[in-house]
Amino acid sequence: MARTCSTSESGTAAASGDSHGSSPPLRGKPGFAGPGDRGIATLTILVLGTVATVVPALAGRGPTSRPRRFGGPPAPTPYRGAGSGGQSVVFREAPGGPGAACDGCPAARNALSCRERGGGRGGIVGIRDWRGLASGTAMAILAAASASAAEPAPQPPSPAALAAFVATLKPAADARGISPATFDAAFAGVTPDPAVAALTRRQAELNKPTGAYLAAAVTAVRVAEGASLLSRWHDDLAAIERRFGVPGAVLVAIWGLETNYGAAPGSKDVVRSMATLGAMGFRPDLYRDELLAALDILQRGEAPRDALRGSWAGAMGQPQFMPSSFLKYAVDWRGDGRRDIWGDPPDALASIADFLHEQGWTPGLPWGFEVRLPPGFDIGAAARAPFPAWAARGVARVDGGVLPEDGTGILYFPAGAPGPAFLVTTNFSVIKTYNSSDSYVLAVGTLADRMDGGPAVSAAWPTAAPIGRDDRIALQARMAALGLPVDDRTGRISLMLRDAIRDAQKRVGLVPDGNPTAALVRALAR
């Protein structure tokens, strides 16, 4: 989908437990994202039954601006710990603050805003509005988080309820110029889909460690097949890059992670799926709009009714676009009068490129790369700097390449300072508008690099699972209650919010690596 949510039944291992992949992707899909969100075979229901389970996990994600200091500005404190690759790193209070640019979610224009998106695949259940949470007690947070796990399983709508929901679409469809014949043909024989109702209860909240997610998503087979397709579609991909500025390897990597290079786009009747979801009260406004977009597709003759197939949440075709994303970003690359994202790879690849281009892709700028930090590196200094400044501080690419001469690099520890370190760019955030899982973005980047002959991530990944999505939402609430700016309340952790987390970590004496942890939750709850 030009995602916004990753719900495809197909493709790849979806991101999980992310900030780590938790919040929904942004390409137009409704509320699912994270490692575990896209095609991962095993999904689990997140059960929050005990304090021991929940307290260590209160952490959140979302675009923010610089946080206010809390508890008074303490004197700068040095920290020492293990850095990327195990080297000794010194952590000091940075004299400056977090960067000012928000890497938020431009894909909100796609179908739903970041706030509307839920967590991993089908993981919208249990979202709470934590805005009114003023109390700082961890138990209040735990009670609310635990309540979501106890909710009864959703029930599919009755045929009468579905018919009533469809009838509410008719005035808006008429206003959009949808003919009665198109409307009636679209919903002819449509009945509630019980399987779709059940899937809304699933949580892609697997809390899969980033390293394990990447191992499942970026396999030797997927790399080899992607490299072969890069060669097969070389001429089209080169022309697409000239037009949109996005490298072919990135496009093929997304294609591979979304639908296994078009082999598994999903077989659900998306009109039936979306009508079921809307009629059962599952984001009815969203699915009302998406059904109207689907009617536009049919009215325009862009696709026959039986072609509207994809994931249970409504994402269609090889790039997994929601209907509204199709209308905005799908491309007729071949010039045959059809934007065929279902059966034409060049159309699908050009559509992905158009989406990324519209989200602000910077041509010639890498998404990021793994780096090695020098001994004694001050991890507490500013996490954003021009690439020449990183080079001056002794930061080097692990693959031996040179740092770009232009652009800004953001120091990023996906699994905390003990794990691999990366310098990422604004293009990292652009990919994240396709799927808001950090692990997904890392998988896209590393898969693209591997297709082009680059190495795998070299530093060892920590094996501990990240804290869960509900807990990240709770942490966001706690940070907001302490006066820290938190603009997203759905558990997403943007690069900007990591800056705020670094600030909080420094003030409570933790390693300021920007990674939300149970230790931070405990420290902020005191």
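How are helix 10 and helix 11 oriented relative to each other?

**View 1. Helix 10 and helix 11 in the predicted model****.** In this predicted model, the axes of helix 10, which spans residues 270-279, and helix 11, which spans residues 284-299, come within 8 Å and cross at roughly 155°. An angle over 145 degrees counts as roughly antiparallel, and helix 10 and helix 11 are therefore roughly antiparallel to each other. Their crossing is left-handed. On the side of helix 10, the contact is made by Val271, Met274, Ala275, Leu277 and Gly278, while helix 11 contributes Pro284, Tyr287, Glu290, Leu291 and Ala294. Sorted by class, the contact of helix 10 with helix 11 has eight nonpolar residues, one polar residue and one charged residue.

**View 2. The packing of helix 7 with helix 9****.** Helix 7, made up of residues 220-232, packs with helix 9 at an angle of about 130°, and the axes of these two helices are 10 Å apart. Helix 7 and helix 9 are therefore oblique to each other, and the crossing that they form is right-handed. From helix 7, the residues that make the contact are Arg222, Gly226, Leu229 and Leu230, and from helix 9 they are Gly248, Ala249, Val252, Trp255, Gly256 and Leu257. The contact of helix 7 with helix 9 divides into six nonpolar, three polar and one charged residues.

**View 3. The packing of helix 9 with helix 16****.** Helix 9 also packs with helix 16, at an angle of about 125° and with the two axes 8 Å apart. This angle makes helix 9 oblique to helix 16, and the crossing of helix 9 and helix 16 is right-handed. Helix 9 brings Ala249, Val250, Val252, Ala253, Ile254, Leu257 and Glu258 to the contact, and helix 16 brings Tyr440, Ala443, Val444, Leu447, Ala448 and Met451. By class, the contact of helix 9 with helix 16 consists of twelve nonpolar residues, no polar residues and one charged residue.

**View 4. The largest pocket and its lining****.** The largest pocket of the model has a volume of about 370 Å³. It is lined by 23 residues, of which Trp367, Gly368, Phe369, Arg397 and Asp449 are the closest to the centre of the pocket. Helix 9 (248-259), strand 5 (368-372) and helix 16 (438-451) are the elements that give two or more residues to this lining. When the residues of the lining are divided by class, 14 are nonpolar, four are polar and five are charged. Helix 9 and helix 16, which both contribute to the lining here, are also the pair whose axes lie 8 Å apart in View 3.

Notes. Residues are numbered from 1 along each chain as its sequence is written. This is a predicted model: local features need pLDDT of at least 70, side-chain atom pairs count only at pLDDT 80 or more; totals for chains, interfaces and linings use all residues. Side-chain values use heavy atoms; hydrogens and water are left out. On a 1 Å grid over the protein atoms alone, a cavity is a set of points where a 1.4 Å probe fits but cannot get out, and a pocket is an open set with protein on both sides within 12 Å along at least five of seven lines; lining residues have an atom within 4 Å of a point. Grid points are joined across faces, edges and corners, and a volume is the space filled by probe spheres set on the points. Helices (H or I, at least four residues) and strands (E, at least two) are DSSP runs, numbered from the N terminus. Ala, Val, Leu, Ile, Met, Phe, Trp, Tyr, Cys and Pro count as nonpolar, Asp, Glu, Lys and Arg as charged, and the others, Gly among them, as polar. Axes are lines fitted to C-alpha atoms, for helices over the stretch in contact, and angles run from 0 to 180 degrees between N-to-C directions. Angles under 35 degrees count as roughly parallel, over 145 as roughly antiparallel, 65 to 115 as roughly perpendicular and the rest as oblique. A crossing is left-handed if the near helix is turned anticlockwise from the far one by less than a right angle, and right-handed if clockwise. Contact means heavy atoms within 4.5 Å.
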